[in-house]
Every structure is written in structure tokens, then in C-alpha cells.
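Welcome! Open your viewer, set the model to a cartoon view, and follow along one selection at a time.

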Amino acid sequence: MPDAPTESLQTRCCIAGGGPAGMMLGFLLARAGVDVVVMEKHADFLRDFRGDTIHPSTLELMHELGFLKDFLERPHNEVSELSAQIGDVEVTIADFTHLPTRCNFLVFMPQWDFLDFIVERARALPRFHLRMETEVTGLIEEGGRVTGLRARGPGGRVEARADLVVGADGRGSIVRRKAGLSVENLGAPMDVLWMRLSKRADDPPQTLGRVERGGILIRLDRGDYWQCGYVIPKGGMDEIHRHGIEAFRQRLAGMVPLFSARVKELVAWDQIRLLTVTVDRLRRWHRPGLLCIGDAAHAMSPIGGVGINLAIQDAVAAANILGPPLLAGTADEDDLALVQRRRLGPARMTQRLQVFLQNKVVTRVLGPGGTIRVPLAFRLLRRCSLLRRLPARIVGMGFRPEHIEAPAAP
């Protein structure tokens with residue numbers, strides 16, 4: 001039969017997506033003794049311009065798992081403060097040195113290094129199974145319940161039947177689309193252009209961003225190069241293309257004179273990637289036999305770089321709640337609803353704050369007008385160092401930091 005699968009699998013939990021949420025959940029469930037299959041459509045994790053900000057909340061989880069020392073031996077950069085230059089004024093926005101955690105700093109590490117680190121430890125677990133180059137194409141449903149995933153792998157069609165299917169396949173989630181879950185779009189007035197520029201030994205320390213009328217430029221220290229994000233009005237890429245790449249290079253050089261010579265490294269538009277910013281969330285994260293977490297449940301704005309950490313927190317909560325019933329074969333929709341109830345509040349509060357900043361700061365900056373004026377909140381942060389602890393707490397720890405509860409299986 002032409003539609004018959006070439007391979008059939010049976011597992012307790014099948015996870016679509018090998019990003020931070022899917023990989024962390026797969027590792028934690030397998031660590032607790034639950035049989036898990038993770039399906040990742042790519043052959044590796046080497047994709048540039050993904051979230052690479054590891055926050056203190058995630059570093060605390062690494063400590064609880066006993067991994068922190070090994071994790072921090074991987075190449076990374078540590079940042080204890082975040083700052084921005086708004087017009088001619090430099091403002092320290094967040095000071096992480098006072099957080100009540102073992103790591104009072106952010107870590108910048110390429111996402112592929114983080115995922116490789118988790119996979120190395122997960123592969124040592126007998127219940128963990130990772131299927132690379134396996135793209136989920138649909139759901140298996142029986143009697144109104146999701147009972148598995150259909151996928152396309154290197155050897156052909158794959159069917160994986162499972163007690164629980166988890167959609168952790170990002171903001172373009174095929175799982176949530178095939179499941180017909182309703183999405184609430186909160187809106188985003190911006191998109192981001194990502195690019196690389198070379199780094200020199202005498203470059204000054206990084207800042208969170210440079211804010212000028214009509215644009216925002218973010219630079220992240222990636223060791224031997226700068227990863228730069230240029231924030232533009234939503235749908236503004238066509239206008240930038242119309243003016244040409246030389247005008248774009250001059251705009252970057254005007255915002256950061258440090259890059260005046262280096263912008264010539266950008267010779268073609270294919271060196272510049274467009275991230276279409278979306279802020280949305282599912283009204284209901286689950287159906288019988290199915291749960292969505294991470295960006296599949298709530299796509300975040302890049303503001304604060306919190307997306308990867310919120311996704312990891314979802315995974316920890318899901319493992320804590322679902323591990324025991326999955327082991328016992330008793331997981332039901334009440335357990336899935338409990339995951340949403342626990343994680344919806346942090347997602348909702350984070351998105352509300354992001355939307356507020358989008359509407360009150362980003363929209364005004366990107367709009368027409370003269371010289372940019374430093375917003376009142378940023379003027380207060382500049383004057384009072386104690387106030388910088390609040391954004392550090394929100395960004396670094398989130399609204400409900402999770403902790404590892406499920407013990408490792410013997």
C-alpha cells in the first residue's frame with residue numbers, strides 16, 4: 001500500500017521538535033524512566049540567529065541536575081548587566097548581580113551548543129530516543145483522541161503511537177495546526193533583521209542595543225563575531241530592499257560608528273535573515289492525548305530574550321506534572337490541563353509586559369519624528385540603581401521559576 005508506513009514505533013511520549021522545550025522535556029522524562037521519542041526535522045542543530053540567551057533560571061536548573069560546572073566549561077560569554085544607548089544617553093537597564101541564585105549573570109551561548117549539551121546527557125539514558133531528519137507531517141487520531149504522530153524520515157514514512165504527543169515544534173507548529181487549536185494573536189509592530197559582523201580584539205564591551213529614531217540595533221558578542229539584530233517596522237523589509245543594501249549599510253554605520261568599515265562585509269541580502277516577529281498564545285494548550293509547550297503554545301517577542309528560558313520552564317513543569325502518571329500509564333487530560341494552568345500565568349504576564357514595551361517604546365521609536373527622547377522608565381533606571389534589580393528579576397528568573405522535582409530513575 002503506497003500510504004503504509006515503512007516504520008512503526010510505540011512509546012509512552014512522542015515529542016515533535018528538538019528545540020529547547022522538546023529536548024529538555026525528552027531528557028527529563030527519560031531521566032525519570034519514561035520511554036520518549038523526540039522527532040527533529042533537521043539533521044543537526046546548526047541554525048544561526050536563534051535565541052542563545054541562557055538566563056539564571058536555566059542555569060539554576062543546570063545546577064539542580066548536577067551539570068552546571070560542565071555546562072559553564074562550554075564556550076560562552078557572561079553578562080552581569082544589560083544596557084542600551086538611547087540617542088546620546090547610555091542606560092543600564094538590568095543588574096543581575098543581586099539575584100538570589102548561584103549564577104548572577106546571563107550566559108550567551110549558541111543554541112546549538114546548548115542543545116548538543118542536553119543531547120549528550122540524554123543519549124546516556126536508555127529510555128531516550130532521538131530521531132533526527134524526521135519531520136512531523138500529521139497526527140494519528142482515534143475516537144477523538146490523539147494517539148500518535150505521522151512523520152517523514154530518512155527511510156520513508158514513520159508512524160509513532162504514544163500515550164502522549166507533545167507539540168514543541170515552535171511558533172510555526174504543525175502539531176497545533178493539525179490539532180485545530182485556537183490561537184490568540186496579540187500583535188507585534190516589528191520584525192528583526194539578523195546578520196553577522198566581524199569582531200576585533202579591541203572592541204568595547206557589548207551593550208544590549210542602540211536606539212535611534214527609526215531603528216533599534218542589538219549586538220550580541222559571539223566570541224569571534226558580533227551577531228546583530230536590526231529592528232524594523234512590521235512588514236518594512238520591502239522598503240529597505242527598495243533603498244538598496246548600500247543605504248542599509250550606511251544606516252548601520254550611522255547608528256554604531258564602530259561598524260563603519262565592517263558594514264562592507266554585508267555584500268548581499270542573503271547574508272541578512274528576516275525574523276518575522278509574532279506574539280501569540282493558544283487559548284487551550286491541550287486535547288485528549290496532546291499537549292503543546294514552548295513557542296508552540298505561546299510565541300514570544302524577542303524583547304528580553306526570554307523565549308528559550310520560558311520554553312525550558314514549560315518543559316520542567318510538564319516533566320514534574322506528567323512524569324508520574326506517564327510512568328503509571330494513567331496520564332489523562334486533567335494532567336495536561338494542570339500543565340497549562342501552571343504555565344499560562346507566567347506566559348501571559350511576560351507577553352503583557354512585552355506588548356506594553358512594544359506599544360509604548362518600540363512603536364514610538366520606529367515611527368516618524370525628530371530626536372528621540374529617553375522614556376521616563378529608563379530615566380528612572382539611570383538615576384536609581386536599586387530599580388535595575390526589578391527588570392533583572394523579571395528577565396533573569398521569570399514570573400514562576402520551576403525546579404527539578406522528579407527523581408532520576410534507578
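A contact here means heavy atoms within 4.5 Å. Among contacts in the protein between residues at least 6 apart in sequence, 74% join residues at least 24 apart. Before we go further, please note that this is a predicted model, in which local features need pLDDT of at least 70, side-chain atom pairs count only at pLDDT 80 or more, and totals for chains, interfaces and linings use all residues. Residues are numbered from 1 along each chain as its sequence is written, and side-chain values use heavy atoms, with hydrogens and water left out.

**Stop 1: the whole chain**

Keep everything selected. You are looking at 11 helices and 21 strands; these are DSSP runs numbered from the N terminus, with helices being H or I of at least four residues and strands being E of at least two. Along the principal axes, the C-alpha atoms fill a box of roughly 65 × 50 × 40 Å. Buried residues, meaning those under 20% relative accessible area with a 1.4 Å probe and protein chains only, make up 56% of the 410 residues.

**Stop 2: strand S16**

Now select residues 225-233, which are strand S16. Is this strand mostly enclosed or open? It is largely enclosed by the rest of the structure, because 8 of its 9 residues are buried.

Add residues 190-198, strand S13: this strand and S16 pair in the antiparallel sense over 9 bridges. Two strands count as paired if DSSP finds at least two bridges between them. Highlight Met190 to find the residue whose bridge partner in S16 is Pro233.

Next, add residues 215-221, strand S15, which is joined to S16 by 6 bridges and runs antiparallel to it. Here Leu217 has Tyr230 of S16 as its bridge partner. S15 and S16 form a hairpin with 3 residues between them, and in that turn Gly223 has a positive phi of about 90 degrees.

**Stop 3: Gly236**

Move along to Gly236, in the loop between S16 and helix H6 (237-243). Gly236 is buried, with a relative accessible area of 14%. For a sense of scale, draw a line from its C-alpha to that of Val38: the two residues are 198 apart in sequence and 37 Å apart in space.

**Stop 4: helix H11**

Finally, select residues 389-397, helix H11, and show the side chains of its buried residues: Pro391, Ala392, Val395, Gly396 and Met397. What do they pack against? Their partners are helix H2 (56-64), strand S6 (89-95) and helix H10 (376-383). Just after H11, look for Gly398, which takes a positive phi of about 80 degrees.

Definitions and conventions. Buried < 20%, exposed > 50% of the residue type's maximum accessible area, 1.4 Å probe, protein only.
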